[in-house]
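Hello,

Here is the structure we talked about. Please open it first, then read the notes below it.

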Amino acid sequence: MARNKTIHIAITIMAIVLVASLSSCTTKAQKELDTLIDYSNQQMPMVIDEYTVCTALVQESDYVVYDYQIEGGNDMMESISSTEAQRKNLVLEQLANSDFRDFVQTVTATGRGIGYRYHDAHSSRVVEIMVPCAQLDKALEESRKLHP
């Protein structure tokens, strides 16, 4: 009976240490993410192409989101909306770039995914493309195998 109690106490202590260390990692990742986002937002607005301007990088509860302002009206917004799957794949393919991969690792360490929000400059239409944390984690694992 005393041995079971000792084992129970040891497991409880190990769980507390694990939670504390994970919390510490999350806090460290959150501070790093805050710094990266602050730096990125100092560079905004950033012209991407003749139709697209990145206006901000924002943290939300489940995602870190790039906000874009889109010129080109409904045709451009429809093009973005109709190619959501291809755009998600492009995000995952970008993990071959070590800088982007490092950024994504920091984002996923905080339990978030990455999102892209496109605002039509001439209407209230918004198109969102969100890549959840779990999908990014899986892609990161595959990317590490291909690009150590």
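**Overall layout**

The chain holds 5 helices and 5 strands. Keep in mind that this is a predicted model. In sequence order, the elements run α-β-β-β-α-α-α-β-β-α. Of the 148 residues in the chain, 31% are buried. The exposed surface comes to about 9400 Å². Carbon and sulfur atoms supply 56% of that area. I also looked at contacts between residues at least 6 apart in sequence. Of these, 58% join residues at least 24 apart.

**The E4-E5 hairpin**

Start with strand E4, residues 113-120, and strand E5, residues 126-131. The two pair in the antiparallel sense, over 6 bridges. Together they form a hairpin, with 5 residues between the strands. For a landmark, find tyrosine 118: valine 127 in E5 stands opposite.

**Helix H2**

Next, go to helix H2, residues 73-82. Which residues of H2 are buried? They are Gly73, Met76, Met77 and Ile80. These residues cover an arc of only 95 degrees around the axis, so they sit on the same side of H2. Asp75 and Ser82 are exposed on the other side of the helix.

What do the buried residues of H2 pack against? Their partners are strand E3 (63-70), helix H3 (84-93), E4 and E5. Both strands of the hairpin are therefore among the partners of H2, whose buried residues share one side of the helix.

**Salt bridges**

A search of the whole structure turns up 4 salt bridges. Three are worth a visit.

Take aspartate 67 and arginine 117 to begin with. Their side chains meet in a salt bridge, at 3.4 Å from N to O. Aspartate 67 belongs to strand E3 and arginine 117 to strand E4, so this pair ties together parts that lie 50 residues apart in sequence. Are the two residues buried or exposed? Aspartate 67 is buried, and arginine 117 is buried as well.

Now turn to arginine 125 and glutamate 78. They form a salt bridge, with the closest N and O atoms 3.2 Å apart. Arginine 125 sits in the loop between E4 and E5, and glutamate 78 in helix H2, so the pair ties together parts 47 residues apart in sequence. H2 therefore meets the hairpin region in two ways: its buried residues pack against E4 and E5, and glutamate 78 pairs with the loop between these strands. Arginine 125 is partly exposed, with a relative accessible area of 25%. Glutamate 78 is also partly exposed, at 39%.

Arginine 117 has another partner to check. It forms a salt bridge with glutamate 128, where the closest N and O atoms are 2.6 Å apart. This pair links arginine 117 in strand E4 to glutamate 128 in strand E5, 11 residues apart. How do the two ends compare in burial? Arginine 117 has a relative accessible area of 11%, which means it is buried, while glutamate 128 is partly exposed at 39%.

These contacts belong to a wider group. Glu60, Asp67, Arg117 and Glu128 are linked in a network of salt bridges. When you view it, begin at Arg117: the residue pairs with aspartate 67 and with glutamate 128.

Best wishes

Definitions and conventions. Residues are numbered from 1 along each chain as its sequence is written. This is a predicted model: local features need pLDDT of at least 70, side-chain atom pairs count only at pLDDT 80 or more; totals for chains, interfaces and linings use all residues. Side-chain values use heavy atoms; hydrogens and water are left out. Two strands pair if DSSP finds at least two bridges between them. Helices (H or I, at least four residues) and strands (E, at least two) are DSSP runs, numbered from the N terminus. Buried means under 20% relative accessible area, exposed over 50%, partly exposed in between (1.4 Å probe, protein chains only). Contact means heavy atoms within 4.5 Å. Accessible areas come from the Shrake-Rupley method with a 1.4 Å probe; for residues, only the protein chains shown count as cover. The arc is that of the directions from the helix axis to the C-beta atoms.
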